[in-house]
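Hi everyone, thanks for coming. Today I'd like to walk you through one protein chain, step by step, and please follow along on your own screen.

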Amino acid sequence: MQIILKSKNLTITDDIKKYTEDKINSLKKFIDILKIKSEIGKDTAEFFVEIEKETMHHRKGEIFLAKGKLVLPGKTIVVSAKKDNILSAVVAMVDAFQVEIKQYKSKNKESIRRKQRSSKKFTIA
């Protein structure tokens with residue numbers, strides 16, 4: 001899995017980059033396609049992450065936004081999270097991705113089960 005990290009209105013340090021990559025790599029255990037590499041040497045899954053600092057007009061201090069985009073077969077998952085800390089925004093984004101990936105997987109399993117049930121009805125009748 002290739003992680004493409006961008007920033008807006010702030011500079012990303014090595015610590016933030018490493019922390020973000022570690023958190024996103026934890027999503028590999030939820031979905032198998034993120035583990036697969038193609039024969040050409042290019043990763044099959046690309047993960048786009050943008051971390052930005054909101055404008056300075058907020059009265060309550062700095063607000064950070066973490067956006068992520070993951071392209072899966074049949075679906076593109078886009079998630080964003082706003083927090084007052086960069087690291088907590090990244091954690092909230094990864095948690096939202098976990099929920100979306102679990103829904104994606106259960107939907108695929110359920111559609112397979114529906115097809116099997118309908119074929120079973122035809123073979124019995």
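Before we look at details, keep in mind that this is a predicted model. Let me begin with the charged pairs, since they are easy to find by eye: the structure holds three salt bridges.

The first joins the side chains of D22 and K18, with 3.2 Å from N to O. Where do D22 and K18 lie? Both sit in helix α1, which covers residues 14–25, and they are four residues apart, about one turn of the helix. As for its surroundings, D22 is partly exposed, with a relative accessible area of 44%.

The second salt bridge is between the side chains of K67 and E52, at 3.7 Å from N to O. This pair links distant parts of the chain: K67 belongs to strand β3 (residues 64–72) and E52 to strand β2 (residues 46–53), with their positions 15 residues apart in the sequence. Now, are these two buried or exposed? K67 is partly exposed, at a relative accessible area of 34%. E52 has a relative accessibility of 8%, and because anything under 20% is called buried, E52 counts as buried.

The third pair is E62 with K53, and here the closest N and O atoms are 3.0 Å apart. E62 is partly exposed, with a relative accessible area of 41%, while K53, at 16% relative accessibility, counts as buried.

Let's step back and look at the whole chain. How many helices and strands does the chain have? There are two helices and four strands. If you read along the sequence, you meet them in the pattern β-α-β-β-β-α.

Next, the sheet. The four strands form an open sheet in the order β1-β2-β3-β4, and the pairing is mixed. At the edges you find β1 (2–8) and β4 (75–83), each of which pairs on one side only. On average, neighbouring strands of this sheet are turned by 15 degrees against each other, if you ignore direction. Look for a moment at β2 and β3: these two strands run antiparallel and are joined by seven bridges. One spot to click on is I51, which stands opposite A66 in β3.

I51 also brings us to the inside of the protein. The largest nonpolar core has 26 residues, and I51 is among those with the most contacts inside it, together with I24, L27, F47, M93, F97 and I101. Which elements give two or more residues to this core? They are α1, β2, β3, β4 and α2 (86–124). The largest share, eight residues, comes from α2.

Please pick out F97 on your screen. Leaving aside residues up to four places away in sequence, F97 touches L27, F47, G68, K69, L70, I77 and V79.

Let me finish with some totals. Of the 125 residues of the chain, 28% count as buried. The chain exposes about 8,600 Å², and carbon and sulfur atoms supply 52% of that area. Finally, take the contacts between residues at least 6 apart in sequence: 50% of them join residues at least 24 apart.

If you take one picture home, let it be the open sheet of four strands and the nonpolar core of 26 residues, with α2 giving eight residues to that core. Thanks for listening, and I'm happy to go back to any part.

Terms used:
Residues numbered from 1 in each chain as written. Predicted model: local features only at pLDDT ≥ 70, side-chain atom pairs only at ≥ 80, totals over all residues. Heavy atoms only, no water. Buried < 20%, exposed > 50% of the residue type's maximum accessible area, 1.4 Å probe, protein only. Contact = heavy atoms within 4.5 Å. Areas by Shrake-Rupley, 256 points an atom, 1.4 Å probe, with all protein chains shown as cover. Salt bridge = Lys/Arg side-chain N within 4 Å of Asp/Glu carboxyl O. Pairing = 2+ DSSP bridges. Axes fitted to C-alpha atoms, helices over the stretch in contact; angles between N-to-C directions. Core = buried A, V, L, I, M, F, W, Y, C linked by side-chain atoms within 4.5 Å.
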